[in-house]
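Work through the exercises below with the sequence and the three-dimensional model side by side, and try each task before reading its solution.

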Amino acid sequence: MIRVEDLSYNFPDGTRGLKKINLEIERGEFLGIVGRNGSGKSTLVRHLNGLLNPTEGKVYVKGMDTADPSNLLKIRQTVGMVFQNPYTQFVGTTLEEDVAFGPENLALPPEEIRERVDRALEVVGLENYKNHSPKTLSGGQSQCAAIASALAMKSECIVFDEISSMLDSRSREQVREILRKLRGKARTIVYVTHRLEEVLYADRILVMDRGQIVREGNPKTVFKTPELGEFGLELPPIVELLNSLEAGGLALEWARLASIENLAEEIWESRWKI
């Protein structure tokens with residue numbers, strides 16, 4: 001769906017932000033991109049819908065060159081973005097108006113706009129807040145509202161750029177639950193974070209450092225990389241537990257671990273195998 005070829009990017013001051021990135025993102029994939037601050041994560045994903053143009057190389061979305069201005073409208077309908085600070089994305093006086101803004105700009109029939117807005121708010125659990133001002137929502141609710149706006153556009157790919165960094169633990173779990181709902185519904189998800197526990201259930205993880213992809217693979221493979229600490233990343237406690245269980249003879253299938261509760265159930269059911 002998305003192809004990145006020899007992508008390099010220099011900031012206006014000449015600093016090298018990305019160095020020869022090659023990447024393919026498949027339709028329906030949940031891709032996690034992790035790395036310390038300044039590793040190039042956000043710079044990379046801002047190329048996926050043409051917010052930034054390559055200094056060198058190419059980025060294609062469904063075959064469309066992001067550097068061609070005539071492609072940008074279609075590309076941005078295909079690849080939606082949800083940013084760290086959702087308040088910068090609000091444009092409506094009510095949540096309902098805000099979520100409807102994108103579909104209205106597509107000149108869709110009113111009944112289709114209504115269906116899209118209602119469905120998006122239902123998915124994120126904000127159907128009872130449609131007449132509230134977006135500015136009155138909590139941090140977690142605000143991020144859910146931003147996700148609803150992307151869903152209402154029916155973007156084939158949604159990029160989440162450090163959306164949990166300003167949230168408390170309860171709000172982060174609220175957002176992760178929405179992502180679990182979206183996964184496996186033919187929608188491509190690109191999730192950027194410095195918290196490894198948030199990409200535990202990704203199909204594939206990229207580790208970035210100094211503008212380059214330094215490690216790549218499924219979560220189980222990446223989390224066994226001994227050099228993660230050198231890239232400024234720490235294993236979450238749940239991964240240390242999984243590794244300890246495997247070392248003790250109990251290897252669990254990571255793909256089945258949809259939540260902490262599910263992990264506890266797996267351990268309980270497997271207790272006689274230890």
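**Exercise 1. Find the bridge partner of Asp-161 in strand 8, then describe how strand 7 is paired and covered.**

Solution. Begin with the single bridge: Asp-161 has Val-192 as its partner in strand 8. Before going further, note that the model is predicted, that local features need pLDDT of at least 70 and side-chain atom pairs pLDDT 80 or more, while totals for chains, interfaces and linings use all residues. Residues are numbered from 1 along each chain as its sequence is written, and side-chain values use heavy atoms, with hydrogens and water left out.

Next, widen the view to the strands, which are DSSP runs of E with at least two residues, just as helices are runs of H or I with at least four, both numbered from the N terminus. Strand 7 and strand 8 are paired in the parallel sense over five bridges, where pairing requires that DSSP find at least two bridges between two strands. On strand 6, Val-79 stands opposite Cys-157 of strand 7, and these two strands also pair in the parallel sense, over four bridges.

Finally, check the faces of strand 7: Cys-157, Val-159 and Asp-161 on one side, and Ile-158 and Phe-160 on the other, are all buried, meaning under 20% relative accessible area with a 1.4 Å probe and protein chains only (exposed is over 50%, partly exposed in between). Because five of its five residues are buried, strand 7 is largely enclosed by the rest of the structure.

**Exercise 2. In what order do the six strands of the open sheet run, and which helix packs on strand 6 and strand 7?**

Solution. The order is 6-7-8-3-9-10, with mixed pairing. Strand 6 and strand 10 (212–217) are at the edges with a single partner strand each, so one side of each has no neighbour in the sheet. From one strand to the next, the twist averages 20°.

Within this sheet, strand 3 (residues 30–34) pairs with strand 8 (residues 188–193) in the parallel sense over five bridges, and Gly-32 stands opposite Tyr-191 there. Helix 5 packs on the sheet, touching strand 6 and strand 7 (contact means heavy atoms within 4.5 Å). The direction of helix 5 makes about 170° with that of strand 6, taking axes as lines fitted to C-alpha atoms, for helices over the stretch in contact, with angles from 0 to 180 degrees between N-to-C directions.

**Exercise 3. Which strands are at the edges of the four-stranded sheet?**

Solution. This open sheet has the order 2-1-4-5 and antiparallel pairing. Its edge strands are strand 2 (16–25) and strand 5 (64–65), each of which pairs on one side only. Between them, strand 1 (residues 2–10) and strand 4 (residues 56–61) run antiparallel and are joined by five bridges, and Ile-2 has Val-61 as its bridge partner in strand 4.

**Exercise 4. Is Glu-96 buried or exposed, and which residues does it touch?**

Solution. First locate Glu-96, which is found in helix 3. At 17% relative accessibility, Glu-96 counts as buried. Leaving aside residues up to four places away in sequence, Glu-96 touches Arg-114, Val-117, Lys-130 and Asn-131.
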